[in-house]
Amino acid sequence: MEISISTLKKIAWITLVVILLSVSGFFAYRTFFPRQVPSVEPVITNGQEAALQGVQAFLTVDFTNGKQAWIDQVCAVSTADGCQAMNNLAGMMWTGIKNKKSRMEYTPENATFIREIAGEDGQMQQVFKVTGLLVDLNTTRTASGEMHVIVEQVGNDWSFQRVLFEQEVQLLQTEISRTATAEAQQTREPQP
Amino acid sequence: MTRKILVCLMIFLFAWQITPVLADDSIGSDGNGEEGSGNESWAAFFQSNGELRADVMDLGIQSMEASWMPDLPDWTNIELSAEFHTYALSSGETVLAPTATTLFFMALNPRSSGLFDSNGQMTTGAGANVQGAGLLLSDEFEKSAAGFLEGIAKALDIPFTKELADAAIAGESAWSTINFNDSLNILSKLLNTSLTDRSLFTTYLLYSQCANSPLGCLSAADQKRLLPTFQPRPTQSTQPECPAPQVIPGRISSTARKTAPNYALVVGQDPAKRGVDLIYEITISPTIYHFWTLETSSEEVCTGVICTLVEHSECVQHTQTFCEPVATATAHASLAKSSREWIQSGVLQELYPGAYLHHPDWRWTNGGGGCNGNTYRWQLRQERIQTADPGYYDMRLVGTTSGTPVSPSRGFDMTPGKFDVYLKMTSIIQ
């Protein structure tokens, strides 16, 4: 079969035109339609397991086992500092637990990464929001809600540090919403 | 880690020796001074050496639910209580020593917590930070309430900005003046150290009327109930005195006997030279050591929101047992005195004039033993002893023990048995 020079030229021209149309079409699309980049939140799971374990240990408490058993249970999944914090906090919480004869069992369901921060000593810490189901073993009533916790990296592992108080969570949420507002304002500002 | 422990121990020891730095009466409900109570009020509680006065009731650690303490989510049904070591006079004057964590949250909420309602504040000389705070508390009270709060923060070794203090004094939410990271650092520093130990109290708050104190007044019923459980500050004199250690040495017992033959002959009449087989045994029972340790346990006694930590001290007996081995032991066999007389001057001498003692005394040292549990058993077997003198032999054991870790060496000298050696005699019937 013989291909003439004129036929080759035609093919080359057609190819060139197709390429030019594609490129100009792409730029036209980018110009007239804003760039839609899906905003995917980074799913950080490093300390997730530690967060789940920590909340489970903290919220599973039985006054008949005594305070020390509760402390030991939390310390088993905690950093050294976290264990110290538990020792310091347990006394303040135990009076109420004992008076109410509390017997509770918690089953964590999900831990959502909220923020990563560098601790004072340089260790990485992560804040998680944990959800799950709390069963009152005395009445079998259930309750659920959010519990914010902080976990810390120790070597290659992550361990539970402590639960956050509501006041701290409010500060955190205020800061998150403030940051979100600032970012939204930034995106609304016209591009130079 | 060791350094941390040492510092905490020093703080604890210093804190125990309460040394009034200054009783201050300048802070009233408005932060500018109200009811005066001066050093006399402190003197009603503490002696000049810092010890509690005898008529002060030590109510132990009292807990109370407080709106100014931080919260956990409601659905968890867990609440944080404020804790105070509480001292009271029958007149109603009260001294509260908040735990470090409680003190911090009182400082964040000085009005609602009743911190500013105290009629005097005192710090203990507990380590550099607290001593520094003591100066601040004594000097800065009169200058400003903010200085007072900053002094508390310094005592707790926690950053506490003036803005935070101002907000707290103004009754605003002090939390709003700090960001999340700072609050995290502050609380971590507070909670992650043993400074917050429930037994460490650095600041004492005096309330000339118990009604003004965060705990309020104890009801008459509460007082009646709590009074029997009042525990004076633990001192040497109030603790039960434990008995001195007691050592009960194990009994040393022994046996000795002839095992064969039933009727041994003197060697001169025994052509087979059978001789006598002997066995000596010593048994030393375990040495029992009783000692007592003073052990303290605490129990929370609660009535409503008021809980008292009642400490019980008791002497707990412990017992150990030890094996006491034999160090040296010599087994003897000696012809009895009566037998000697029988041979030398008695009937035998009449029948065999000139009869004499050939070998009346024997001794052996080749025994051995060991501990079985904590009981020591020693044994010596001697066979085919060629006894030449007839009569009864006393079997004697003499020696010493090694002692035990709790008891000295002992000597023993026992005669646990005897054996007989016969002489065949021919009687001529007349």
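**Exercise 1. State how confident this predicted model is for chain A, and find where confidence drops.**

Solution. Start with the average: chain A has a mean pLDDT of 84, and 84% of the residues score at least 70. Next, go through the elements of chain A. Helix H2(A) has the highest mean pLDDT, 95, and helix H1 (residues 5–32) of chain A the lowest, 76. Then check residues 34–40 of chain A. There pLDDT stays under 50. The model has 1 contact beyond four places in sequence for residues 34–40 of chain A. Where pLDDT is low, the predicted coordinates should not be read in detail.

**Exercise 2. Assign the buried and exposed sides of helix H3 (residues 67–75) of chain A.**

Solution. List the buried residues: Trp70(A), Val74(A) and Cys75(A). They cover an arc of only 130 degrees around the axis, so they lie on the same side of H3(A). Now turn to the other side of H3(A): Gln68(A) and Ala69(A) are exposed there. Last, find the packing partners. The buried residues of H3(A) pack against helix H2 (48–59), strand S1 (61–62) and helix H4 (80–99) of chain A.

**Exercise 3. Describe the side of chain B that touches chain A.**

Solution. Count both sides: 31 residues of chain B are in contact with 32 residues of chain A. Identify the elements on the chain B side. Strand S2 (81–88), helix H7 (180–191) and strand S10 (287–303) of chain B each supply at least two residues. H7(B) gives the largest share, 7 residues. Finally, sort this side of chain B by class: 12 residues are nonpolar, 14 polar and 5 charged.

Terms used: Residues numbered from 1 in each chain as written. Chains lettered and ligands numbered in written order. Predicted model: local features only at pLDDT ≥ 70, side-chain atom pairs only at ≥ 80, totals over all residues. Buried ≥ 20, exposed ≤ 12 C-beta atoms within 10 Å, placed from the backbone. Helix = DSSP H or I, 4+ residues; strand = E, 2+ residues; numbered from the N terminus. Arc of directions from axis to C-beta. Contact = placed C-beta atoms within 7 Å. Nonpolar A, V, L, I, M, F, W, Y, C, P; charged D, E, K, R; others polar. pLDDT = per-residue confidence, 0-100.
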